[in-house]
Structures are given as structure tokens and as C-alpha cells.
Amino acid sequence: MAILDRPFAQKYFLPGFVFQGVLIAGGYGTGRELVEYFLKYGPRGGILGMFLVTAVSWAATLTLTFEFSRLFKVYDYRSLLLRIIGRFWILFELLYLVLLLIVLAVVGSAAGVLLRDNFGLPYLAGVALMLVSICFLTFKGGRILEKFMSSWSILIYVVYSLFLLAAIIKFGPEIKNNLKTGPVLPGWPVGAFKYALYNLGVIPSVLFCLPYLERRKEAVFSALMASMMGILPAFIFFIAIVGFYPEVVTKEVPAYFGLQKVGNRGLLIAYLVVLFGTLIQTGTGFIHAFNQRIQAALEAKGKKFPAWCRPLVAAFMILVSLMIATFGLISLVAKGYGTISWGIFGVFFIPLFTRGLYLIGRRRA
């Protein structure tokens, strides 16, 4: 995309595209995550949590992270955490690796199931295609990755908007009624905060495109844009499936269930293609961040990280994650993501808003 070669887009839109692109498959690609952390608290409870808790938490955390990264010129999570929590950065690395493997397990399993159930291909064919795609993108890295994530993110907005339009046309009264009379169940702030926290694990995937930021106002505006770009597709999708509440709460893949209810085969195929791309997007983003961390560590010792090692790291991570995938999608989302949330709260969220904020203030002074 030629537009991304312009400084304005690189500063204000590229970080948001990458954040949303890496976020989507682990955050709301299948719809299971939105049901688990929002819709199960009722339609109105879910919306309250989405905007009053999740969007605000993302905006604040991204703002501090972007500004810290800009001030101290740190563009990988090892360098950033070393500045904030010193030698305890290894705790974040452990959490990040566990989250990475869980996300890869979710996206790898979903990729195999998507091609098997909808296109008649063997389960391993879907996994293999995802593996090859991720290895290719991690090998290329940099500009190719930026363009792929940004282009695919725009396509996601288009397909999600079409899904919402089709759902309103066919189930408009049900959507309106559930939004008007749906309950606000206890626990929605905690659910939304846990969702915000575990998705903060994708921040390392955004750091590589922050060198374009030169001023504080650029970092702040870019962070606010990223937060809105991250939550908007979730909101569009949420409204589209609200018409199927409460039945949709028990579905393993609510997105597929909702699209089947809408009954538009062309839209279903478009969504499946887009979803498969988002699985690749998310897996690539997580692994690229880990590769950047390895590269930074080797450069600090005067060594180089060969380009051919990048896809090998990707292949190894995916193969390990496939063993984790046997636990099932619902269990991984509910228990795996939930546990990681509080770990990230302790080793990233709290230090960033205490010592990180202090260091920003002292550096600017």
C-alpha cells in the first residue's frame, strides 16, 4: 500500500493497523473471546465493558508504551522491559512465551478446522498452509509485514461491516430488542479488564513500527488511534451476534454460528478467507516480536541473527503449540487467557504505570 509510505500514515495509522491485525485472531476472530469476556454479562453489560474498561485501558497503556518507546528508543520488548523492571523482565518473557503458544494453538487449530469443515481439505493441510505462510512472512519481516497487516486489516473492516449489515437486515428486531432489554450482569468490569489485559500481550508485536514516532503528541495520538482501531471491529462483530443472545453464548465458534444464521454463503466464504488471513496475521505478529527480541539480545553481544533462523523459530513454536491445541478452544480461551491476564497485570501493567511513568517524567524533565 503506497499510502503507508507516507510519514503521516506511518505515524498515526500503521501502529493501529498492526495492533488490530495481531489482536484480531486471538481477540475476536472466532467470536468466542467476545462471548467469554463481554456477551455473557449481557448485551448492555458487554458494551459497557468494551468501551468504559477495555478501550480506556488500551488507550492509557498504549500511550505510555508508545511514549516510553519513543523517548528511550526501545523497539523490542526485552529492551523495553529491561528499562522498566530490570532483570525481572524475564518474568514477562515467560508469560509472553506461554501466551504466544496458547495463541498459536488457538489459531493453528482454527486454521485446520476451517479448511477441513468448509473446503474439504485435510486438517493438517490447513495447519501446514498457516505454517508456511507465517514462516515466509517472518523471513521477510519489516516492510512486507507492515503492508500485509495493514492491507488485511482494511479487508477485515469491510467484511465485518457486511456481516453487520446482513445481520441487521435479517435480525434487526432481535438485535434492537436485546440491546434495549438485555441484562447487565454482575462482573462485566472484571471480564472486560481481563480481556484488555491479556490482549496487552500483543503490544510487543507493535514495537517494531514505532521508530516513525518523533514527538510526544504523535505518540499520544497514534496510541489513541490504535485503541479505537482495535475495539471497533470487536464492537461491529458484537452487535452482529447480539441478535442471537443468549443461544450464541454456548457456541464454540460464535462467528460461524452467526454467519450460518444469516444464511449468506458468499459472505460466509469471504469471512472464512479473511479469518484464515487473520490467523496468519496474529501468529506472524507474535513470532516476529519474539524474533526481534532475539535479534536485539544478539546485537547487544555484537552478534547477528541470521535471516534464515527466523522461519525456523516460527516452525518450532507452531509445532509445540499444536500439542497444546488438544485442550480445546473454549478451555484455552477461558482458562489460558484468563490466567495470563493477571500475570501481565503484575509484570507489565503495574510497572508501566508506576516506574515507567516516573522514568518518562524524569526523562522529559
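This is a short talk on the fold of one protein chain and on a few of its helices, loops and residues.

The model is a predicted one. I will begin with the whole chain and then go to particular places.

The protein has 14 helices and zero strands. Written out along the sequence, the pattern is α-α-α-α-α-α-α-α-α-α-α-α-α-α. The radius of gyration is 20 Å, close to the 21 Å that the globule rule gives for 365 residues, so the protein is as compact as a globular protein of that length. The C-alpha trace spans about 60 × 45 × 40 Å along its principal axes.

Now burial and contacts. Of the 365 residues, 60% are buried. If we take contacts between residues at least 6 apart in sequence, 85% of them join residues at least 24 apart.

On the surface, the protein exposes about 14,500 Å², and carbon and sulfur atoms supply 68% of that area. As for charge, there are 34 positive and 14 negative side chains. The centres of those two sets lie 5 Å apart.

Next, helix α5 and what comes before it. K73 sits in the loop between α4, residues 43-72, and α5. K73 is not a glycine, yet its phi is positive, at about 55°. Its relative accessible area is 54%, and since the cut-off for exposed is over 50%, K73 counts as exposed.

At the start of α5, a side-chain oxygen of D76 comes to within 3.1 Å of the backbone nitrogen of R78. How many of the nine residues of helix α5 are buried? Seven are, so the helix, residues 77-85, is largely enclosed by the rest of the structure. The buried residues are Y77, R78, S79, L80, L81, I84 and I85. After α5 comes G86, which has a positive phi near 60°.

Two residues inside other helices are worth a look. V107 belongs to helix α6, residues 89-119. V107 counts as buried because its relative accessibility is 0%. Its C-alpha is 8.9 Å from that of M130, and the two residues are 23 apart in sequence.

The other is N291, in helix α12, residues 265-300. N291 also has 0% relative accessibility and therefore counts as buried. Which residues does N291 touch, not counting those up to four places away in sequence? They are T138, F305, R310 and V313.

That leaves two loops. In the loop between α8, residues 142-181, and α9, residues 188-199, we find V184. Is V184 buried or partly exposed? Its relative accessibility is 38%; buried needs under 20% and exposed over 50%, so V184 counts as partly exposed. Leaving aside neighbours within four places in sequence, V184 is in contact with Y41, R44, G45 and L48. Of that group, L48 is 136 residues from V184 in sequence, while their C-alpha atoms are 8.8 Å apart.

The last loop runs between α10, residues 216-242, and α11, residues 254-262, and P246 is found there. The peptide bond from Y245 to P246 is cis, with omega near 5°.

To go back over the main points: the protein consists of 14 helices and zero strands as far as these elements go, and 60% of its residues are buried. For the backbone, the places to look at in the model are the positive phi of K73, the positive phi of G86 and the cis bond from Y245 to P246.

Technical notes. Residues numbered from 1 in each chain as written. Predicted model: local features only at pLDDT ≥ 70, side-chain atom pairs only at ≥ 80, totals over all residues. Heavy atoms only, no water. Buried < 20%, exposed > 50% of the residue type's maximum accessible area, 1.4 Å probe, protein only. Helix = DSSP H or I, 4+ residues; strand = E, 2+ residues; numbered from the N terminus. Polar contact = N/O pair within 3.5 Å; in protein donor to acceptor, adjacent residues only side chain to side chain. Rg over C-alpha atoms; globule rule 2.2 N^0.38 Å. Contact = heavy atoms within 4.5 Å. Areas by Shrake-Rupley, 256 points an atom, 1.4 Å probe, with all protein chains shown as cover. Lys, Arg positive; Asp, Glu negative; His and termini not counted. Charge placed at Lys NZ, Arg CZ, Asp CG, Glu CD.
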